[in-house]
Amino acid sequence: TLSIRHAPSKAVRPCFAGKPLLCLNIRQKLIRVRTKLKMSAVMMMAPTRVVSIRSSATVKPRAASTVCRVAPKTACVRAPVRMMPTQFGVNPTHALFNSATRISTGSAARKVVVTKAAEGAVAPSAPKKENMLVLGALFAGWYAFNIYFNIYNKQILTVFPYPWTNTNFQFLGGTVIALIGWATGMITRPTTLTTKQLLAIVPLAIVHTLGNLLTNVSLGKVAVSFTHTIKAMEPFFSVVLSSIFLGDAPTLPIILALCPIVGGVVLASVSEVSFNWIGFLAAMGSNLTFQSRNVLSKKVLSGDLKKGLDNINLFSIITVMSFFILAPFTLLVEGMVATPAVMTSMGLDSALIFKRLIYAAFCFHMYQQVSYVILSKVSPVTHSVGNSVKRVVVIVSTVIFFRTPVSFMNGLGTAIALMGVVLYSQVKRLEGKKK
C-alpha cells in the first residue's frame, strides 16, 4: 500500500453551485494527483492496482462524464483514465484502468491510497507460454519414446522370440539409467529409505515384473495395435479391483462409461486378423497385474511408508528390484540366449539385435520416466486423457509402420474402446469435482 498525505490546500474546497471555475480547478488538481499515483504504482511493479482517494466521507462514483455534485462538503469527480504501459504490458481489463476516482473533501487533510486489487481478480487463467511449450515437449517425448519402444520391441520379438530375456534386458537398461541418475544427481536419491519401505515395495515390484513380462508375451504373439486395444480395458480392471480390495463401489455413470470400453474390445477381438489366445490372455493378464500394482500402491504405500519417495524414485526402485526378481527365472525358463553365438546360430545379426535391445530398453525406461514428470505437472484426469491419446498414436503409428491389415469392424471396435476410455476419464473428473 502506497500512502501519500497532502497538507490542506486553500484551492481545494467544496464545489458549490454557481462556482464552475473552482470545480474545474479541483478536477485538474485531482487528475495530476492520479497521474502521479499511477506512475508510482508502475515503479513499484504492481501488475494490478486500484487507485482510490478517500477521506472521512465516501461518495459513490458517478457516470462517465465529469460531474460536480452540488453538496455542502463533497465533490464527486470521475477523472479520465489513460492506459499506462508497464513492464507487464498494457491490459485493457486492468483494474487500474477501469476504476473510478472517489473524492471527498473537507477540513481534514486528504489521504491518497493505492491498494492492490482483490487477489485472483485478474489472475491469469492459463499457464505461461513457456510452461505450455515445456509441457508440449514432454507430451511429444512421451509419445515418441512409446512409439519407438513398441516398434523396436516388436521387431526383436518377431525374430528373437524370447520375451523373458527381452523383458529382463529392459529392466537391466532401466537399472543402469536409474543408477546413473542417482550418481549424477539427475534423480534425487531417497535419503530416508528404510527396510520397512523396501519390504512394502517388493509386492509392487513383483506385479510390475509380471505386467511387463505379459505385455511382451502378447506383443510377440499378436499385432501391436491389438495388444494396445486390449490394454484399453485397464479402467475396467481398475474399477473391479478397487471395488474388491478398497471398497470403492462404482457409481452408475462409471459403469455406463465402462460399457463402450468392453464392447469395443470385444468387437475388435472377434474381427482381429492376428488373433491368438496366448496373446489375448497375456494382454488381459498385464491389465490385471498393472492395476493390481496401482491398488497395492494405495493400500501398502501410505502414510509414513511413502515418506521421502516421489513417483520417479519409486519407479526406479521398482525397476531395479524387477531386474533382480526376473533374472533367475529368465535363466531357468529360457537359459542364456542373449549371446552372439546363440543369435548367430539363429541366422541373426547379433550386433543389430543388441543395438535394438538397447534402444528398446532406453525407450522403455524413458517413456515411463517422462510419464511421471508429466503427472507431476498436470492433473490425473489430464494425464489419463493424454494416455488415451498416446494409445491412439501408438496404434496408428504401428499399423502404418508394420502395414498391419485392419478390417472395418476391427477399426470400429478399437475406436469405440478408446472413446470409452476418454469418456471414463471425464466421468471420473466430474465425480471428483462433486466430492
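This report describes a predicted model of one protein chain, moving from the whole chain to a few chosen residues.

**The chain as a whole**

The protein chain has 435 residues, of which 44% are buried, and its secondary structure consists of 14 helices and 3 strands. The area that the chain exposes comes to about 22,900 Å², with carbon and sulfur atoms supplying 66% of that area. When contacts between residues at least 6 apart in sequence are considered, 83% of them join residues at least 24 apart.

**A salt-bridge network**

Side chains of opposite charge can pair when their charged atoms come close. How many salt bridges does the structure hold? There are 2 of them, and Glu234 takes part in one with Lys231, where the closest N and O atoms are 3.8 Å apart. Glu234 also meets the side chain of Arg391 in a salt bridge, again described by an N to O distance of 3.8 Å. This pairing of Arg391 with Glu234 links distant parts of the chain, since Arg391 belongs to helix H13 (residues 380–402) and Glu234 to helix H7 (residues 234–246), with their positions 157 residues apart. Through shared partners, the salt bridges join Lys231, Glu234 and Arg391 into one network.

Are the members of this network buried or exposed? Arg391 and Glu234 are both buried. Lys231 counts as buried because its relative accessibility is 8%, and Glu234 is buried because its relative accessible area is 16%, the cut-off for this class being under 20%.

**Two buried polar residues**

Thr227 is part of helix H6 (residues 224–230), and with 1% relative accessibility this threonine counts as buried. Which side chain does the side chain of Thr227 meet in a polar contact? The partner is the side chain of Ser218, at 3.0 Å. If neighbours within four places in sequence are left aside, Thr227 is in contact with Ser218, Leu219, Val222 and Ala283. The C-alpha atom of Thr227 is separated by 9.0 Å from that of Met284, a residue 57 residues apart from Thr227 along the chain.

Asn313 belongs to helix H10 (residues 311–333) and, at 2% relative accessibility, also counts as buried. The side chain of Asn313 reaches the backbone oxygen of Thr188 at a distance of 2.5 Å. Not counting residues up to four places away in sequence, Asn313 touches Trp182, Ile187, Thr188, Arg189 and Pro190.

**A glycine in a loop**

Where does Gly335 lie? This glycine is placed in the loop between H10 and helix H11 (340–345), and its 23% relative accessibility makes it count as partly exposed. Although Gly335 and Thr165 are 170 residues apart along the chain, their C-alpha atoms are separated by 8.6 Å. Gly335 touches both Thr165 and Thr330, when residues up to four places away in sequence are not counted.

**Cysteines and a surface patch**

A disulfide is a covalent bond between the sulfur atoms of two cysteines. A search of the whole structure finds 0 disulfides. Two cysteines can be described by their accessibility: Cys259 is partly exposed, with a relative accessible area of 47%, whereas Cys363 is buried, with a value of 8%.

On the surface, a nonpolar patch is formed by Phe408, Met409, Leu412 and Ile416, which together have about 370 Å² of accessible area. Ile416, one of these four residues, is found in helix H14 (residues 408–434), and at 30% relative accessibility Ile416 counts as partly exposed.

**Accessibility of selected residues**

The table gathers several of the residues discussed above.

| Residue | Relative accessible area | Class |
|---|---|---|
| Thr227 | 1% | buried |
| Asn313 | 2% | buried |
| Lys231 | 8% | buried |
| Cys363 | 8% | buried |
| Glu234 | 16% | buried |
| Gly335 | 23% | partly exposed |
| Ile416 | 30% | partly exposed |
| Cys259 | 47% | partly exposed |

Notes: Residues numbered from 1 in each chain as written. Predicted model: local features only at pLDDT ≥ 70, side-chain atom pairs only at ≥ 80, totals over all residues. Heavy atoms only, no water. Patch = residues over 30% accessible without salt bridge, like charges linked within 9 Å, V, L, I, M, F, W, Y side chains within 5 Å. Areas by Shrake-Rupley, 256 points an atom, 1.4 Å probe, with all protein chains shown as cover. Helix = DSSP H or I, 4+ residues; strand = E, 2+ residues; numbered from the N terminus. Buried < 20%, exposed > 50% of the residue type's maximum accessible area, 1.4 Å probe, protein only. Contact = heavy atoms within 4.5 Å. Polar contact = N/O pair within 3.5 Å; in protein donor to acceptor, adjacent residues only side chain to side chain. Disulfide = S-S within 2.5 Å.
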